[in-house]
Amino acid sequence: MLERYYQELIGFFTRALRCRDNASDVVQESYARVLGLELRAGLLAEPRALLYRVGKNLIIDEARRKRAEQAMLDTLAVVSPAIVPGACLLYTSDAADDTPC
């Protein structure tokens with residue numbers, strides 16, 4: 001039943017993400033989540049709308065994750081090794097040498 005939306009979703013998310021590989025990943029994950037819901041709840045009233053919503057939410061979640069990750073990296077880049085013990089290990093090539101700063 002849901003197979004008929006696959007190419008439509010691939011096209012939409014390829015345009016949105018400008019990358020067919022990423023679009024394919026989003027569509028695959030959307031299908032997996034919607035099929036899981038369908039198995040638990042029975043037949044879905046609007047599977048097409050749900051596939052689009054799940055896909056859009058996945059893109060939003062990924063953008064949030066990337067922003068949070070970048071904020072953490074930016075914070076680590078400005079933290080002084082004197083303030084955070086062991087922080088110098090993040091910036092040296094001798095990270096295996098667990099000696100304090």
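Which residue forms a salt bridge with arginine 64? This tour of a predicted model begins with that pair and then proceeds along helix α3 and through two helix packings.

**First stop: arginine 64**

Select arginine 64 and aspartate 61. Aspartate 61 is the partner in the salt bridge, and the closest N and O atoms of the pair are 3.9 Å apart. Both residues belong to helix α3, which comprises residues 47–78. Because they are three residues apart in this helix, about one helical turn separates them. Colour aspartate 61 by accessibility: its relative accessible area is 39%, so it is partly exposed.

**Second stop: the network around arginine 65**

Next, select Glu62, Arg65 and Glu69, which are linked in a network of salt bridges. Display the side chains and examine each link in turn.

- Arginine 65 meets glutamate 62 in a salt bridge of 2.7 Å, N to O. The two are three residues apart in α3, and therefore about one helical turn lies between them.
- Arginine 65 also meets glutamate 69 in a salt bridge, here 2.9 Å from N to O. This pair is four residues apart in α3, and again the separation is about one helical turn.

How accessible is arginine 65? With a relative accessibility of 40%, arginine 65 counts as partly exposed. Glutamate 62 is partly exposed at 33%, and glutamate 69 is partly exposed at 42%. In the whole structure, a search finds five salt bridges.

**Third stop: helix α2 against helix α3**

Now show helices α2 and α3 together. Two packed helices are described by the angle between their axes and by the distance between those axes. For α2 and α3, the angle is about 125° and the axes are 9 Å apart. This angle makes α2 oblique to α3. The crossing of α2 past α3 is right-handed.

To see the contact itself, select Val26, Glu29, Ser30, Tyr31, Arg33, Val34 and Leu37 on α2. Then add Leu50, Leu51, Val54, Gly55, Leu58 and Ile59 on α3. Coloured by residue type, the contact of α2 with α3 shows nine nonpolar, two polar and two charged residues.

**Fourth stop: valine 54**

Centre the view on valine 54, which is located in helix α3. Is valine 54 buried or exposed? Its relative accessible area is 13%, and because buried means under 20%, valine 54 is buried. Leaving aside residues up to four places away in sequence, valine 54 touches Ser30, Arg33 and Val34. Glutamate 29 may be selected as well: its C-alpha atom lies 8.6 Å from that of valine 54, although the two are 25 residues apart along the chain.

**Final stop: helix α1 against helix α2**

Finally, select residues 6–17 for helix α1 and residues 20–41 for helix α2. At what angle do their axes cross? The axes cross at roughly 130° and come within 8 Å. The two helices are therefore oblique to each other. As α1 passes α2, the crossing is right-handed.

On the α1 side, the contact is made by Tyr6, Gln7, Leu9, Ile10, Phe13, Thr14 and Leu17. On the α2 side, the residues to select are Arg20, Asn22, Ala23, Ser24, Val26, Val27 and Tyr31. The contact of α1 with α2 comprises nine nonpolar residues, four polar residues and one charged residue. Val26 and Tyr31 of α2 deserve a last selection, for they appear in the contact with α1 and in the contact with α3.

How values were computed. Residues are numbered from 1 along each chain as its sequence is written. This is a predicted model: local features need pLDDT of at least 70, side-chain atom pairs count only at pLDDT 80 or more; totals for chains, interfaces and linings use all residues. Side-chain values use heavy atoms; hydrogens and water are left out. Axes are lines fitted to C-alpha atoms, for helices over the stretch in contact, and angles run from 0 to 180 degrees between N-to-C directions. Angles under 35 degrees count as roughly parallel, over 145 as roughly antiparallel, 65 to 115 as roughly perpendicular and the rest as oblique. A crossing is left-handed if the near helix is turned anticlockwise from the far one by less than a right angle, and right-handed if clockwise. Contact means heavy atoms within 4.5 Å. Ala, Val, Leu, Ile, Met, Phe, Trp, Tyr, Cys and Pro count as nonpolar, Asp, Glu, Lys and Arg as charged, and the others, Gly among them, as polar. A salt bridge is a side-chain nitrogen of Lys or Arg within 4 Å of a carboxyl oxygen of Asp or Glu. Buried means under 20% relative accessible area, exposed over 50%, partly exposed in between (1.4 Å probe, protein chains only).
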